[in-house]
Amino acid sequence: MRTCLPLLARLSLAGALLLGVVPPAHAATAYHFIQEIPVGGDGGWDYLSIDPAAHRLYVSHGTEVVVIDTIADRVVGRILDTPGVHGLAVAADLGRGFTTNGREDRLGIIDLKTLRTVAKVETGANPDAMLYVASTREAYTFNGRGHSATVVDAVAGKVVTTVPLGGKPEFATVDEAAARVYNNLEDQNTVVELDAKTHAILHRWPIAPGEEASGMAIDVAHHRLFLGCSNQVMVMMDATSGRVVSSVPIGRGVDANAFDPGTQLAFASCGDGTVTIAREETPDRLTVVQTLQTQPRARTMTLDPATHRIYLSTASFEPVAPAEAGAGRSRPKMIPGSFRVLVYGID
């Protein structure tokens, strides 16, 4: 047996490589809590985004974007004048960021050195999700109430086109090499595929067995999309055909997804205080490897592919008061100053 085991290991590795899957270096290591980064202040939150090379984390919070140094793990700046901000897309090649300011129906163009808004561009109603396509130097806003995508020339700061989507858009992602943009239409239970060069809608794909997808992430090497769905599943979809090839159970209240190409792990963060972590065993098989306990309402997330750490936003809330006779359930109140970012990793 001592002589056979190395041979079997080599054969297994060769088989994995033939399937196009590189065994992850950290596959056997569980994610665990590292620390909290206190932010404070009041107001809600939505997207987080990462600039790995600059070691910057951008966290939407109320009417501002908080900037965190991911080496020092502390707040180093704030981007103001972003009413109802949902999130920020990083354009590292331009030194700019693009915010979706939901309350004023505008895209904010941010100088990432000064953290100042240098211009604003009108969008469709309630810009929510956002992304930057480096190959075309265009920023996209996906407009919740407008049921559309606004495409903006990221250099000139001018609208290129508005694309009617036919449904309520949520998260989006891009495959730069394929020149494809993907977006969840939450109320249609579909993924829409756009040509990043012509902005034409190429396909609309059903997400069954998933329903009402919110989060989206992509494995560009294997052309796989990961969709976090409200019926407590994460589906893996072929981004070239729209075929759902695998799915796994997740927690309640999913919002965000992430994929780490270095570990082949896909993540789904949920408001019930869990992150489901699944491994892409092959391009057609997804397997849950861990259910990470986080904190209640920590449903928005981003991943740093350089460190493999994930970051989630949450806050503390007062106990819910009993509902009065004939009244609906009371909504909990956020405890002032309790907003924070949670850090989890495998180091």
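The following paragraphs lead from the chain as a whole to its largest pocket and then to one strand and its two partners.

The structure is a predicted model. Its protein chain contains one helix and 28 strands. Of the 347 residues in the chain, 52% count as buried. The surface that the protein chain exposes comes to about 14900 Å², and carbon and sulfur atoms supply 54% of that area. Contacts may also be viewed by their separation along the sequence: among those between residues at least 6 apart, 45% join residues at least 24 apart.

From the whole chain, attention may turn to the largest pocket. Its volume is about 1100 Å³, and 33 residues line it. Nearest the centre of this pocket lie Ile50, Ala172, Thr173, Thr302 and Leu303. Several strands contribute to the lining, with at least two residues supplied by each of S2 (45–51), S6 (85–91), S10 (127–133), S14 (169–175), S18 (213–219), S22 (254–260) and S26 (300–304). The largest share, five residues, is that of S2. In terms of residue class, the lining of the largest pocket consists of 26 nonpolar, four polar and three charged residues.

A closer view of one strand shows how covering and pairing can be followed residue by residue. Strand S4 spans residues 64–69, and six of its six residues are buried. This cover extends to both faces of S4: Glu64, Val66 and Ile68 are buried on one side, while Val65, Val67 and Asp69 are buried on the other.

Strand S4 is paired with strand S3, residues 56–61, in an antiparallel arrangement joined by six bridges. Within this pair, Leu57 stands opposite Ile68 of S4, and Ile68 is one of the buried residues noted above. The hairpin of S3 and S4 has two residues between the strands, and in that hairpin Gly62 adopts a positive phi near 65°.

Strand S4 also runs antiparallel to strand S5, residues 74–79, to which it is joined by five bridges. Here Asp69 of S4 stands opposite Arg74 in S5; Asp69 belongs to the face of S4 that also holds Val65 and Val67. Four residues lie between the strands in the hairpin of S4 and S5, where Asp73 takes a positive phi near 55°. Strand S4 is thus joined by bridges to S3 and to S5, and both of its faces are covered.

Methods
Residues numbered from 1 in each chain as written. Predicted model: local features only at pLDDT ≥ 70, side-chain atom pairs only at ≥ 80, totals over all residues. Heavy atoms only, no water. 1 Å grid on protein atoms, 1.4 Å probe; cavity = no way out; pocket = protein on both sides within 12 Å on 5 of 7 lines; lining within 4 Å. Points joined across faces, edges and corners; volume = space filled by probe spheres on them. Nonpolar A, V, L, I, M, F, W, Y, C, P; charged D, E, K, R; others polar. Buried < 20%, exposed > 50% of the residue type's maximum accessible area, 1.4 Å probe, protein only. Contact = heavy atoms within 4.5 Å. Areas by Shrake-Rupley, 256 points an atom, 1.4 Å probe, with all protein chains shown as cover. Pairing = 2+ DSSP bridges.
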